[in-house]
Amino acid sequence: MALIICRDAAFAYENKIVVEGLNFQVGQKDYLCIVGENGSGKTTLMKGLLGLMRPKSGTIETGDGLKPTQIGYLPQQTSAQKDFPTSVYEVVISGRLSSRGILPFYSWRDHEAALENMEKLGILPLKKKSFKELSGGQQQRVLLARALCATKKVLLLDEPVSGLDPVVTAEFYHTIEALRRETGIAIIMISHDVRSGVEYATSILHLQNRQVFFGPADEYKESDVGRYFLRGGEFR
Amino acid sequence: MQIFETIGEMLSFTFMIRAIVVGLLVSLCAALLGVSLVLKRYAMIGTGLSNVGFAAMVIAGVIDVAPLALSIPVVVVTAFLLLRMNESSKIKGDSAVALISTSGLAVGVIVMGVTTGITLSICNILFGSIFAMTAADMYLSIALSAVVIIIFVLFYKQLYAVTYDESFARATGTKVEVYKSMLALLTAVTVVLGMRMMGALLIASLTLFPALSAMRICKRFLSVVIASAVIGVVCFFVGMVFSFALDLPPGATVVGVNLVVFTIFSVVTFVRQRGLR
Ligand SMILES: Nc1ncnc2c1ncn2[C@@H]1O[C@H](COP(=O)(O)OP(=O)(O)O)[C@@H](O)[C@H]1O
Ligand SMILES: [Mg+2]
C-alpha cells in the first residue's frame with residue numbers, strides 16, 4: 001500500500017485552476033522529485049499533499065496509516081516573520097511538537113533528537129544564535145533540521161538547495177539519501193536542479209500546470225520531455 | 001526610607017491589597033499572552049475585547065447582575081467571533097476589530113443614555129478604579145489568573161509553534177485552530193479581569209507594552225516571554241506606588257510607567273546598534 005495516492009487531483013486558487021491531471025503515488029522508501037518551470041504548480045501541489053489546501057477535484061488519499069504528525073516539511077519560503085525573536089534551538093526543537101503531542105514540555109528524547117539533527121547538518125555551533133541573524137544558507141539548514149525533527153514517514157522539501165553553496169548542496173543530497181536508506185523515510189522533493197533530481201530520485205513527477213510525466217527516474221531520462229529538460233539544464 | 005513608608009501605608013488599605021494582588025496577576029497574564037498577540041499581529045484584539053467588555057459592564061450595571069458574570073461570557077464569545085472574522089477574507093482582520101470595538105462602545109453609551117438614574121460612573125469604567133474589587137471578585141480573579149498561567153505554561157510549546165510558523169505547525173499535524181482559540185479565550189478572560197481596575201480604554205496596553213519592551217532587549221522567544229512577564233509585573237507595581245503617592249489615577253499611571261520603560265529600552269537599543277556600526 002502506498003503512503004500517498006493522488007487520483008485525478010486538480011488545485012485552484014479562487015476557481016482558477018493552476019495544476020491538474022495529477023495521478024501518482026508515493027510509497028515507503030520512495031524518493032520522488034517534482035520538477036517543472038516556475039509557476040507550474042509544484043508548491044501548490046505540495047500544499048495539497050500537506051493538507052494546507054484541498055483539491056478542487058479528485059482526491060489525495062493517505063495509506064499505510066500515514067498521519068500528518070508523521071510528516072516533516074521544509075517550506076520554500078517560511079511563513080514566519082523575518083524579525084521574529086527566536087533562537088536556532090527553539091526553531092529546531094519545535095519540529096518535535098508533532099510527536100510530543102499534548103504532553104507538556106519536551107522530553108529528553110526530543111532534546112536529543114534536536115541536537116542529533118543539528119549535528120547532522122553542522123549547525124550545532126549555531127545553537128544559541130538568533131535565527132534572524134543567520135545567513136540564508138544557515139537559516140535553510142536550521143529549517144531542515146526542524147523538518148527532520150518532525151519526520152517519521154515522509155519528508156517534503158520545497159526547493160531545499162536554493163540558497164545553498166555547491167559544497168553544502170552536495171552534502172545536503174548526501175544527507176537526504178543516507179536518511180532515506182537508513183530509515184526508509186520517503187522523500188518528496190521539489191527541485192530546480194533536475195540533474196541531481198534524476199541522479200538521486202527513484203521517480204520523477206514533471207508538472208507544467210498539469211502532469212506531463214510520472215514514472216521511474218530512468219524512464220524519465222529516456223523520455224522526450226526528460227531529454228529536452230535535461231539538455232536545457234537551467235529552465236525558467 | 002520614604003519609598004518603603006509609602007508602600008507600607010499603601011498596603012494598610014484592604015482595597016489596595018486587593019487591587020494590587022489582582023493587578024499583579026492580571027499584568028502577569030497580559031504580559032505572557034501579549035508576546036504571542038503582538039507577534040501574531042493580534043494586538044488590536046485586546047482593544048476590541050475591552051470595548052465590548054465596556055458594553056457588558058454597563059449592561060450588567062443596568063440589569064443589576066455581577067459585572068464579571070456577564071462580561072466574561074460576552075467577551076469570550078466576542079473573542080471567538082473576532083478570530084472567525086480574522087480568518088474569513090470578507091472582512092479584513094483590522095476592520096473586523098474596529099467594527100466590533102466601536103459597536104461595543106456605542107452599545108454601552110446607548111444603554112447608558114436610555115436608562116436614567118443609574119449609579120454607574122462612566123469615568124470609572126473607561127479609566128478604571130481601584131475601589132472596584134470585592135473580596136469575592138478577588139478570589140475569582142486569583143483563580144482565573146491561575147488557570148490562565150497554568151494553561152499558558154502547559155501549552156507553551158504549542159503557542160510558540162503556532163506563533164512562530166502557523167503553516168508548518170498545521171502541515172505537521174498541530175491543531176492550529178484549537179490553539180488560536182485558546183489564545184483568544186485566555187486573552188478575553190485576562191482583559192475582563194483587568195478591565196475594572198485598569199479601565200476599558202487602558203487594559204489592552206498591558207498586553208502590548210511589556211511584550212514590545214521585552215522584544216527590544218531579548219532575542220530568544222523564551223527570554224522575551226520571561227522579560228515581558230517581569231516588565232509587566234514590575235511596571236504595574238511601580239505604577240501603583242506612584243499612583244498612591246502622588247494621588248494619580250492608577251490605570252493611567254501604570255500605562256505611563258510602561259511607556260517610560262518602553263522608551264528607555266528603545267533608546268538604549270537604538271544607541272547600542274548605532275554604536276556597533
Ligand atoms: N496564494 C496564491 N493565490 C493565487 N495564485 C497563486 C497563489 N500561489 C501561487 N499562485 C499561482 O499558482 C501558480 C503556481 O504557483 P506555484 O505552485 O507556487 O508554482 P511553483 O512552485 O511551481 O513555482 C502560479 O501561476 C502562481 O502565480
Ligand atoms: Mg514553488
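This report describes a predicted model with chains A and B and one bound ligand, ligand 1.

Residues are numbered from 1 along each chain as its sequence is written, while chains are lettered from A and ligands numbered from 1 in the order in which they are written. Because the model is predicted, local features need pLDDT of at least 70 and side-chain atom pairs count only at pLDDT 80 or more, whereas totals for chains, interfaces and linings use all residues.

## Where the chains touch

Two residues are in contact if their C-beta atoms, placed from the backbone, lie within 7 Å. By this rule, 25 residues of chain A are in contact with 23 residues of chain B. On the chain A side, β5 (71-74) and α3 (97-100) each supply at least two of the touching residues. Helices (H or I, at least four residues) and strands (E, at least two) are DSSP runs, numbered from the N terminus. The touching residues of chain A divide into 14 nonpolar, nine polar and two charged. Here Ala, Val, Leu, Ile, Met, Phe, Trp, Tyr, Cys and Pro count as nonpolar, Asp, Glu, Lys and Arg as charged, and the others, Gly among them, as polar.

## Around ligand 1

A residue is near a molecule if its C-beta atom, placed from the backbone, lies within 6 Å of it. The residues that surround ligand 1 are Y13(A), V18(A), G36(A), N38(A), G39(A), S40(A), G41(A), K42(A), T43(A) and T44(A). By class, this shell has two nonpolar, seven polar and one charged residues. Helix α1 (residues 42-49) of chain A gives the most to the shell, with three residues.

## The nonpolar core

A residue is buried if 20 or more other C-beta atoms lie within 10 Å of its own, exposed if 12 or fewer, and partly exposed in between, with C-beta atoms placed from the backbone. A nonpolar core is a set of buried Ala, Val, Leu, Ile, Met, Phe, Trp, Tyr and Cys residues joined through C-beta atoms within 7 Å. The largest such core has 153 residues, and those with the most contacts inside it are I34(A), V92(A), L156(A), I188(A) and V75(B). Helix α2 (residues 14-39) of chain B provides the largest share of this core, 15 residues. Leaving out residues up to four places away in sequence, L156(A) touches M46(A), L49(A), L50(A), I71(A), Y73(A) and I188(A).

## Two helices

The expected span of a helix is 1.5 Å times one less than its number of residues. For the 26 residues of α2(B) this gives 38 Å, and the end C-alpha atoms are 38 Å apart, which agrees. There is also a kink of about 35 degrees in α2(B), centred on L33(B); the bend at a residue is the angle between axes fitted to the seven residues ending there and the seven starting there. Of the 26 residues of α2(B), 20 are buried, leaving the helix mostly covered. After α2(B) comes R41(B), whose phi is positive, near 60 degrees.

Helix α5 (residues 136-150) of chain A has 15 residues and reaches 21 Å from its first C-alpha to its last, close to the 21 Å expected. Because 13 of its 15 residues are buried, α5(A) is largely enclosed by the rest of the structure.

## Single residues

The table gives the C-beta neighbours within 10 Å for five residues.

| Residue | Other C-beta atoms within 10 Å | Class |
|---|---|---|
| D8(A) | 13 C-beta atoms | partly exposed |
| E159(A) | 20 C-beta atoms | buried |
| D193(A) | 20 C-beta atoms | buried |
| P250(B) | 25 C-beta atoms | buried |
| M195(B) | 31 C-beta atoms | buried |

D8(A) lies in strand β1 (residues 4-13) of chain A, and its phi is near 55 degrees, a positive value in a residue other than glycine. E159(A) also has a positive phi, of about 50 degrees, although it is not a glycine. Its place is in the loop between β6 (154-158) and α6 (166-183) of chain A. D193(A) sits in the loop between β7 (186-190) and α7 (194-200) of chain A.

M195(B) belongs to helix α10 (residues 176-198) of chain B. Apart from neighbours within four places in sequence, M195(B) is in contact with S50(B), G53(B), A200(B) and I203(B).

P250(B) lies in helix α13 (residues 250-276) of chain B. Its C-alpha atom is separated by 7.2 Å from that of I130(B), although the two are 120 residues apart along the chain. With neighbours within four places again set aside, the contacts of P250(B) are G128(B), I130(B), M197(B), G239(B), M240(B) and S243(B).
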